[in-house]
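Okay, hi everyone, thanks for having me. Today I'd like to walk you through one structure, piece by piece, so please have a look at the screen.

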Amino acid sequence: RLKAAGVPILGTSPEAIDAAEDRQAFGVVLERAGLPAPAHGTARSDEQALAVAGRIGFPVLVRPSYVLGGRAMEIVYEQRDLERYMREAVKVSNDSPVLLDRFLNDAIEVDVDCLCDGERVVIGGVMEHIEEAGIHSGDSSCTLPPITLGPDVIANVKEATEAIARGTGVRGLINIQFAYVSENLFVIEANPRASRTVPFVSKATGVQLAKAAVMIGLG
């Protein structure tokens, strides 16, 4: 609405935000890059949520779209809990759909913060979570550099990060979360913004990522 009203948008455009936040649009980005994601779907009602869960199987990771900080994210193991969740999630998601993903058990979660100016992609840091995937990143700890991931896995993470950053069209910072399980790398989500890890990565590496993102936003 701001863009339609003629307000100048610095950095990442509303269209690029949609490309990361809208599950169908993000699915196109992943498909073009040849990157796998957990089985998933979207829902706006109990009936749709149950249909998606029936297709991808329990347990499912559920969260509202277009919500910051992992608000109302939950792992659901059975039908009655999903019905309860949908009643509560509507209060948070408003008109936006609820995202449902097949929950990957015993996966290693990987966080990446990077910068993109439309052409060049600079990876600020690849972080490995200490807790298994499913613990929200705001409640977990991570290591920089990764401890248990081999060089081939890290190379795959960096390659996927570059493809997603360019594919969504971000201009500035983007945070991407992966799950590594059974020697397979899955894309969990992409956040076209600065994440909570940016200050820590900046301190650890000595690179002022937020400052660089502002400079990209200003052209």
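I'll start with the whole chain, then go through the two sheets and the helices beside them, and finish with one residue.

Before anything else: this is a predicted model. So, the overall view. The chain has seven helices and nine strands. Its radius of gyration is 17 Å, and the globule rule for 219 residues also gives 17 Å, so the chain is as compact as a globular protein of that length. If you draw a box around the C-alpha atoms along the principal axes, you get roughly 50 × 50 × 30 Å. How much of the chain is buried? Of the 219 residues, 44% count as buried. And here's one about contacts: take those between residues at least 6 apart in sequence, and 60% of them join residues at least 24 apart.

Okay, sheet number one on my tour. It's an open sheet of four strands in the order 1-4-2-3, and the pairing is antiparallel. Which strands stand at the edges? Strand 1 and strand 3, residues 74–76, do. Each has a single partner strand, so one side of each is left without a neighbour in the sheet. From one strand to the next, the twist averages 30 degrees.

Let's zoom in on strand 4, residues 98–102. Four of its five residues are buried, so to speak under cover. On one side, strand 4 is joined by four bridges to strand 1, residues 40–43, and the two run antiparallel. There you can find threonine 42 standing opposite leucine 99 of strand 4. Strand 4 also pairs with strand 2, residues 60–64, through five bridges, again antiparallel. In that pairing, valine 60 has arginine 102 as its bridge partner, and arginine 63 stands opposite leucine 99. So leucine 99 comes up twice, facing threonine 42 and arginine 63.

What lies across this sheet? Helix 3, residues 46–56, lies across strand 1, strand 2 and strand 4. Its direction is at about 170 degrees to strand 1.

Now the other sheet. Here five strands form an open sheet, order 7-6-5-8-9, with antiparallel pairing. The edges are strand 7, at 142–143, and strand 9, at 184–191; each has a single partner strand, so one side of each has no neighbour in the sheet. Further in, strand 5, residues 108–116, is joined to strand 8, residues 172–181, by nine bridges, and those two run antiparallel. If you want one pair to look up, aspartate 113 has asparagine 175 in strand 8 as its bridge partner.

Helix 6, residues 198–205, packs on this sheet and touches strand 5, strand 6 and strand 8. Its direction makes about 110 degrees with that of strand 6. Helix 5, residues 151–168, lies across strand 5, strand 6 (121–132), strand 8 and strand 9, and runs at about 135 degrees to strand 8.

Let's stay with helix 6 for a minute. Which residues are buried there? Val198, Val201 and Ser202 are. Look down the helix axis and these buried residues fall within an arc of 100 degrees, so they line one face of the helix. They pack against strand 5, strand 6, strand 8 and helix 7, residues 209–217. Over on the other side of helix 6, Phe200, Lys203 and Ala204 are exposed. Then, just after helix 6, glycine 206 takes a positive phi of about 80 degrees.

Okay, back towards the start of the chain. The buried residues of helix 1 are Ala16, Ala19, Ala20 and Glu21. They pack against helix 2 (23–33), helix 5 and strand 9.

And here's my last stop, threonine 12, in the segment before helix 1, which covers 14–21. Why does threonine 12 count as buried? Its relative accessibility is 11%, and the cut-off for buried is under 20%. Leaving out residues up to four places away in sequence, threonine 12 touches Ile17, Val170, Arg171, Gly172 and Pro192. Where does its side chain reach? It gets to the backbone nitrogen of arginine 171, at 3.0 Å.

That's my tour, thanks for listening!

Note on methods: Residues are numbered from 1 along each chain as its sequence is written. This is a predicted model: local features need pLDDT of at least 70, side-chain atom pairs count only at pLDDT 80 or more; totals for chains, interfaces and linings use all residues. Side-chain values use heavy atoms; hydrogens and water are left out. Buried means under 20% relative accessible area, exposed over 50%, partly exposed in between (1.4 Å probe, protein chains only). A polar contact is a pair of N or O atoms within 3.5 Å; within protein, one must be able to donate a hydrogen and the other to accept it, and residues adjacent in sequence count only if both atoms are side-chain atoms. Contact means heavy atoms within 4.5 Å. Two strands pair if DSSP finds at least two bridges between them. Axes are lines fitted to C-alpha atoms, for helices over the stretch in contact, and angles run from 0 to 180 degrees between N-to-C directions. The arc is that of the directions from the helix axis to the C-beta atoms. The radius of gyration is taken over C-alpha atoms; the globule rule is 2.2 Å times the number of residues to the power 0.38.
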